[in-house]
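Have a look at the sequence and the model below. Then let's walk through a few spots together, one topic at a time.

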Protein chains: 2
Amino acid sequence: MRNRLRVLGIDPGLTRCGVGVVDVADDRTARLVHVGVIRSAADAPIEDRLATIARGLRAVIAEHTPDVVAVERVFAQNNRHSVMGTAQASGVALLVAREHGLAAATHTPSEVKAAVTGYGSADKLQVQTMVARILRLDELPTPADAADALALALCHAWRGAPAGSARGAAVLTPAQRAWAEAERRGRR
Amino acid sequence: MRNRLRVLGIDPGLTRCGVGVVDVADDRTARLVHVGVIRSAADAPIEDRLATIARGLRAVIAEHTPDVVAVERVFAQNNRHSVMGTAQASGVALLVAREHGLAAATHTPSEVKAAVTGYGSADKLQVQTMVARILRLDELPTPADAADALALALCHAWRGAPAGSARGAAVLTPAQRAWAEAERRGRR
């Protein structure tokens with residue numbers, strides 16, 4: 001049996017917090033385990049919304065027992081209106097990971113887009129399309145937050161994995177090849 | 001015996017998270033219960049830093065059993081460099097409050113300054129000086145994060161309390177009178 005890494009990706013947000021769990025094998029092939037969105041009501045007190053997110057994340061961790069958690073990194077310059085709530089949700093996500101004894105990592109949106117589409121400025125549809133292709137899904141994962149969470153999990157597994165062996169390279173998807181090439185270019 | 005409200009004020013931050021607990025009586029007089037700072041190492045992983053803050057806050061809540069928690073509201077435009085970490089810490093603070101079954105509230109820095117100094121743009125020294133005077137401390141509370149946490153707790157108790165009765169008004173400090181007057185002006 002091949003080794004596999006089970007990654008929980010979290011796209012933090014108060015209204016919709018995307019969660020995606022994937023198994024990624026040594027040869028970089030990936031399989032969908034779980035995808036969903038934790039929602040909290042916009043008119044609920046902020047502490048209740050954060051508690052809803054923490055509860056939802058703990059339930060996903062308990063059910064799917066990931067090896068590692070990847071959380072999207074939030075920047076102050078993105079989308080002023082909701083960025084503080086997003087940062088608060090990301091703090092809760094990192095805390096919940098840590099309190100389950102899981103390693104946590106953060107990746108920027110452009111790292112995630114580059115990992116799955118080969119292009120750091122890819123749009124939402126490109127990300128959804130590539131996530132569906134990589135995981136061999138019949139439909140695009142929706143909403144975008146759920147697709148982003150899966151992309152984040154894939155990004156984490158691939159970035160953390162050793163550089164593709166000859167055997168690994170043979171089974172890379174187009175996006176994986178693009179990513180591996182971009183990575184090689186980056187190292188030059 | 002007079003009724004009193006025990007408030008935990010939290011000035012969120014990754015490097016220094018200020019915590020202050022005060023008892024505020026019906027007549028608006030206040031007493032220091034606890035003041036401190038939860039520190040986390042700047043070179044530690046973000047999830048460890050957030051877990052350190054959560055652990056420190058839970059210890060303060062367990063020891064001092066506050067009735068309510070007040071957390072400083074964070075804005076995206078303040079201090080770009082550290083604002084994301086501050087927001088993540090505030091998310092953790094609100095979650096910890098909620099998970100202890102405590103009501104939580106947020107107040108803006110200018111609300112807090114106005115509450116204790118009568119002036120929404122007061123500087124750090126003015127806040128520290130007024131907090132020391134209100135709580136009858138022999139020394140200024142330091143660092144500023146600790147003073148801010150106490151100011152936040154006082155602000156919350158006073159804003160939440162019913163408007164000063166004749167009896168209450170007799171024992172107001174100068175800052176409390178200034179605040180009550182500002183509040184009355186605001187209602188006109």
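## Cysteines that stay single

Let's start with Cys17(A): this residue is buried, with a relative accessible area of just 1%. Keep in mind that we're looking at a predicted model. How far is the sulfur of Cys17(A) from the closest cysteine sulfur? That sulfur belongs to Cys155(A) and sits 17 Å away, which is too far for a bond. To count as a disulfide, the two sulfur atoms would have to be within 2.5 Å.

Now hop over to chain B. Cys155(B) is buried too, with a relative accessible area of 0%. The closest cysteine sulfur to that of Cys155(B) is in Cys17(B), and at 17 Å it's again too far for a bond. Count up the disulfides over all chains and you get zero.

## A binding site from the record

Which residues does the "binding site" annotation cover? According to the unreviewed UniProt entry, they are Asp11(A) and Asp145(A). They're spread over 135 residues of sequence, yet they cluster in space, with a largest C-alpha distance of 6.2 Å.

Take Asp11(A) to begin with. You'll find Asp11(A) in strand 1 of chain A, which runs over residues 4-11. Is Asp11(A) buried or exposed? Its relative accessibility is 7%, and buried means under 20%, so Asp11(A) counts as buried. Skipping neighbours within four places in sequence, the contacts of Asp11(A) include Arg16(A), Cys17(A), Gly18(A) and Glu72(A). Asp145(A), Asp148(A), Ala149(A) and Leu152(A) are also among them.

Its partner in the annotation, Asp145(A), lies in helix 5 of chain A, residues 144-160. Asp145(A) is buried as well, at a relative accessible area of 14%. What does Asp145(A) touch, if you leave out residues up to four places away in sequence? The answer is Asp11(A), Arg16(A) and Gly18(A). So Arg16(A) and Gly18(A) turn up in the contacts of Asp11(A) and in those of Asp145(A).

## One side of a helix

Next stop: helix 3 of chain A, residues 109-117. Buried residues here are Pro109(A), Val112(A), Ala115(A), Val116(A) and Thr117(A). Why do they count as being on the same side of the helix? Because they cover an arc of only 165 degrees around the axis of helix 3. As background, an α-helix has 3.6 residues a turn, so residues three or four places apart point the same way.

What follows helix 3 of chain A? Gly118(A) does, and its phi is positive, near 80 degrees.

Notes. Residues numbered from 1 in each chain as written. Chains lettered and ligands numbered in written order. Predicted model: local features only at pLDDT ≥ 70, side-chain atom pairs only at ≥ 80, totals over all residues. Heavy atoms only, no water. UniProt positions renumbered as here; feature names shortened; annotations may be inferred. Helix = DSSP H or I, 4+ residues; strand = E, 2+ residues; numbered from the N terminus. Buried < 20%, exposed > 50% of the residue type's maximum accessible area, 1.4 Å probe, protein only. Contact = heavy atoms within 4.5 Å. Arc of directions from axis to C-beta.
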